[in-house]
Amino acid sequence: MAASHRVVLGPLVGSIDQGTSSTRFLVFNAKTAELLSHHQVEIKQKFPKEGWVEQDPKEILQSVYECVEKTCEKLNQLNVDITNIKAIGVSNQRETTVVWDKTTGEPLYDAIVWLDLRTQPTVERLLKIIPGENKSFFKTRTGLPLSTYFSAVKLRWLLDNVEEIRQAVRDGRAMFGTIDSWLIWSLTGGKNGGVHCTDITNASRTMLFNIHSLEWDSELCHFFDVPMEILPKVRSSSEIYGLMKMCPSLKSGALTGVPISGCLGDQSAALVGQMCFKDGQAKNTYGTGCFLLCNTGQKPVLSEHGLLTTVAYKLGRDKPVCYALEGSVAIAGAVVRWLRDNLGIVKSSSEVEKLAAEVGTSYGCYFVPAFSGLYAPYWEPSARGIICGLTQFTNKNHIAFAALEAVCFQTREILDAMNKDCGIPLSELQVDGGMTNNKILMQLQADILCIPVVKPSMPETTALGAAMAAGAAEGVGVWSLNPGDLTAVTWERFEPQINPEESEYRYARWKKAVMKSMGWETSEPQANGDSSIFSSLPLGFYIVSSMIMLIGAKYISELKLKQCLHMVYCAVQVTSSERWYKKDGIKLLVKIPQRAALALLMRLSSKTCHIIPPT
């Protein structure tokens, strides 16, 4: 019985789905696209400073090993013969940047995640040497604006700030890659002959890749001052890169020798998994962020409305490259995680749907989750998250509802931009990703877009896309991508249930909230990063108290009056790292650490009333 069951299954394909929040390994039937089993491990995110987001590359790699091991155990329990796994595909969080030592196999720094904002000063410095400080200057080559989002500026920051990486580059030991490169190199042998490569979709997100010539661009590498010898070799999305060499610390080693033959950035993988192979077909993935991609065929289309031009896929060495327009939203599922981990208003992500369902409205509350600035269509790094429209009636249910609405409003913004660029509005939206299990969210999305939202019955389209690419690779050939051979997909459909006027009213209010979120942050750091009394208490306290002293000045000596004037002057000027002081009518510019400012102010009010230079 078990033996006949194994025969019926036929060839299987595994898929590593390494995302921002978790890692998964899934196994599909290559003939039916049926998901047989999977395992998932959540990944820790580190926030060492405000705006910084890091992950441990070794933890990511270990999570892959664990997921492969656990999934194989589950398949054995189901009497599925794991020797039928003929290929493995990889899909990954894009842009996240890793540099490692090829002689030791050790990362030289934590992975800098795509959401990370530490590179904003780097972006501003680079902008100053671009004609007109035009952030779209390289868009004709890369399809991308200059932004903290992409890998080149993350790599530039690492080269500028991590001596161990600079030394490894000088010694010829450094390797750079996005998560796919790190995984493939490690899984194919690592320091013992691992393959250092990336696929064309991931390369197109670095800002070092020319999307027309389909190779690393020497002029872009020169601009970012990135040595080309540390870059991985660019391959197609569907070909054999190398063979699996399992970690010796794991029990089975069952997949040793299985080819890794598919690789796609997660959003390209979802486009393939949704079978959007025709011009004009689009999908929206709801994960940590939210990503709307529209297939534009073999010709790259440059957006005039804030979208990105990216490589969609190249499914074989001799196959044509296809492009896509993309709208990227930084925070989607991450806002639910924030409600859980930071505010603690829910214990699990699934509770958000229940809270929102209990009220069915945000009661005029609007949430703009610009935790990492705003991505498409604004590309505004100075924005920060806000919740507005609060009243005494507002409770956690309304905030939960507003958080879900925020995901839908952001999708509306990028869909509007895409409709303008493409000229033909979408008549329905295909969706996938973990958040699509939230039925309240899906209904809200249909209401806010005023078009139907359709969700495949098998939502694991990102992993499926990587599996399809792996199974279809030359030398594997167990998965046909011919349109007539593709498995028919069943859908769940959500129709709009509110009138367009109400939708437009709510959307207009959302846009008003977005405008209020902008311009909150600058890249100017506090002096030495020190926290002082002047940055933690209202400056007005000092000004008002000093003015009170001035009002009573007629009752004190002339000398005391001079002291008070000095205090007012210092209180007003102490907010910057460069401070002006006056002595005997002469203006002096003094650089002073903030932590010394209070001591200096106290000394200024001494009986001598002299200016004391800081130490």
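A residue is called buried when its relative accessible area is under 20%. By that criterion both Phe 209 and Trp 216 are buried. The model in which they occur is a predicted one, and buried residues account for 57% of the 615 residues in its chain. The chain comprises 20 helices and 25 strands. Of the contacts between residues at least 6 apart in sequence, 70% join residues at least 24 apart.

The aromatic residues offer a convenient point of entry. A pair of aromatic rings is described by the distance of the centres and the angle of the planes. The structure holds 26 aromatic pairs. In one of them, Tyr 149 and Phe 150 have ring centres 4.6 Å apart and planes at 35°, a tilted arrangement. Tyr 149 and Phe 150 are both buried. Phe 209 and Trp 216 form another pair, with 5.8 Å between the centres; their planes stand at 85°, so this pair is edge-to-face. Tyr 149 and Phe 150 also belong to a cluster linked by ring pairs, together with Trp 114, Phe 291, Tyr 375 and Trp 379.

Rings also meet charged groups. Arg 118 is placed over the face of Trp 157, 4.7 Å from the ring centre. Similarly, the charged end of Arg 412 sits over the ring of Tyr 507, at 4.0 Å from its centre. Arg 412 and Tyr 507 both appear again in the packing of helix H13 against helix H16.

Two packed helices are described by the angle between their axes and the distance between the axes. Helix H13, spanning residues 396-422, packs with helix H14, residues 439-449, at an angle of about 45°, and the axes are 9 Å apart. H13 is therefore oblique to H14, and the crossing of the two helices is right-handed. On the H13 side, the residues in contact are Phe 401, Leu 404, Glu 405, Val 407, Cys 408, Phe 409, Thr 411, Arg 412 and Leu 415. They meet Ile 440, Leu 441, Leu 444, Gln 445, Ile 448 and Leu 449 of H14.

H13 also packs with helix H16, residues 500-517, at an angle of about 95°, with the axes 10 Å apart. H13 is therefore roughly perpendicular to H16. The H13 residues in this contact are Phe 401, Glu 405, Ala 406, Phe 409, Gln 410, Arg 412, Glu 413 and Asp 416. H16 contributes Ser 503, Glu 504, Arg 506, Tyr 507, Trp 510, Lys 511 and Val 514.

A further neighbour of H13 is helix H11, residues 333-343, whose buried residues are Gly 333, Ala 334, Val 335, Val 336, Arg 337, Leu 339 and Arg 340. These buried residues pack against H13, and also against strand E3 (35-42), helix H12 (351-359) and strand E19 (366-368). After H11 comes Gly 344, with a positive phi near 70°.

Within H12, Leu 355 merits a closer look. Its relative accessible area is 10%, so Leu 355 counts as buried. Leaving aside residues up to four places away in sequence, Leu 355 touches Ile 345, Val 346, Lys 396, Asn 397 and Ala 400. The C-alpha atoms of Leu 355 and Ile 399 are 9.0 Å apart, although 44 residues separate the two in sequence.

The backbone also has particular local features. Most residues other than glycine have a negative phi, and most peptide bonds are trans. The bond between Ala 376 and Pro 377 is instead a cis peptide bond, with omega about 0°. Pro 377 belongs to the loop between E19 and strand E20 (386-388). Asn 79, which is not a glycine, has a positive phi of about 60°. It is located in the loop between helix H2 (57-77) and strand E5 (85-92). With 40% relative accessibility, Asn 79 counts as partly exposed. Glu 133, also not a glycine, has a positive phi of about 50°, and lies in the loop between helix H3 (120-127) and helix H4 (139-142).

Methods. Residues numbered from 1 in each chain as written. Predicted model: local features only at pLDDT ≥ 70, side-chain atom pairs only at ≥ 80, totals over all residues. Heavy atoms only, no water. Phe/Tyr/Trp six-rings, centres within 6.5 Å; stacked < 30°, edge-to-face > 60°. Buried < 20%, exposed > 50% of the residue type's maximum accessible area, 1.4 Å probe, protein only. Lys NZ or Arg CZ within 6 Å of the ring centre and 35° of its normal. Axes fitted to C-alpha atoms, helices over the stretch in contact; angles between N-to-C directions. Helix = DSSP H or I, 4+ residues; strand = E, 2+ residues; numbered from the N terminus. Parallel < 35°, antiparallel > 145°, perpendicular 65-115°, else oblique. Left-handed = near helix turned anticlockwise from the far one by under 90°. Contact = heavy atoms within 4.5 Å.
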